[in-house]
Amino acid sequence: MPLAALCEFVWVTRRAYRRSAREVGDVIRAWLASPTVRVDRPAVEAGLALLDTDGDFADGVIAFEGRRLGGEVFASFDRDAVRLIAAIGGRTHLLANRAG
């Protein structure tokens, strides 16, 4: 299952269907337990770790992918994402919004 599809699943079920982070995480964990589902397990686990803190699944996946590709710092305009990534041990940088 592509990571982008999982990120969209989480976004839609959280926003449009108003499901809790716990409910969505439980569904993904059930999929992971299936022998027929193929995913990038470490990336999904990173997404779940952030989702478990009521953060954004996609931010966890993005931070993981960045580290795997050699990135040392997670940088974002999203203050909550930066705070949550830092809380689980990642190096972060909050970008300043200079638009306008």
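Q: Which residues in H5 are buried?
A: The model is a predicted one. Buried here denotes a relative accessible area under 20%. In H5, the residues that count as buried are Ala81, Val82, Leu84 and Ile85.

Q: Against which elements do the buried residues of H5 pack?
A: The elements of the chain run α-α-α-α-β-α-β from the N terminus on. Both helices and strands serve as packing partners for the buried residues of H5: H3, H4, strand S1 (74–76) and strand S2 (92–94).

Q: Which residue caps the N-terminal end of H5?
A: The backbone nitrogen of Asp80 lies 3.0 Å from a side-chain oxygen of the capping residue. That oxygen belongs to Asp78.

Q: Which helices give two or more residues to the lining of the largest pocket?
A: The largest pocket has a volume of about 190 Å³, and 14 residues line it. By class, this lining holds 6 nonpolar, 1 polar and 7 charged residues. Two or more lining residues come from each of helix H1 (3–15), helix H3 (41–51), helix H4 (57–68) and helix H5 (79–87).

Q: Which lining residues lie nearest the centre of the largest pocket?
A: The lining of the largest pocket includes 7 charged residues. Those nearest its centre are Arg14, Arg15, Asp54, Gly55 and Asp56.

Q: What radius of gyration does the chain have, and why does it agree with a compact globule?
A: The C-alpha trace spans about 45 × 30 × 25 Å along its principal axes. Because a compact globule of 100 residues would have a radius of gyration near 13 Å, the value for the chain agrees with that expectation: 14 Å.

Methods:
Residues are numbered from 1 along each chain as its sequence is written. This is a predicted model: local features need pLDDT of at least 70, side-chain atom pairs count only at pLDDT 80 or more; totals for chains, interfaces and linings use all residues. Side-chain values use heavy atoms; hydrogens and water are left out. On a 1 Å grid over the protein atoms alone, a cavity is a set of points where a 1.4 Å probe fits but cannot get out, and a pocket is an open set with protein on both sides within 12 Å along at least five of seven lines; lining residues have an atom within 4 Å of a point. Grid points are joined across faces, edges and corners, and a volume is the space filled by probe spheres set on the points. Helices (H or I, at least four residues) and strands (E, at least two) are DSSP runs, numbered from the N terminus. Ala, Val, Leu, Ile, Met, Phe, Trp, Tyr, Cys and Pro count as nonpolar, Asp, Glu, Lys and Arg as charged, and the others, Gly among them, as polar. Buried means under 20% relative accessible area, exposed over 50%, partly exposed in between (1.4 Å probe, protein chains only). Contact means heavy atoms within 4.5 Å. A polar contact is a pair of N or O atoms within 3.5 Å; within protein, one must be able to donate a hydrogen and the other to accept it, and residues adjacent in sequence count only if both atoms are side-chain atoms. The radius of gyration is taken over C-alpha atoms; the globule rule is 2.2 Å times the number of residues to the power 0.38.
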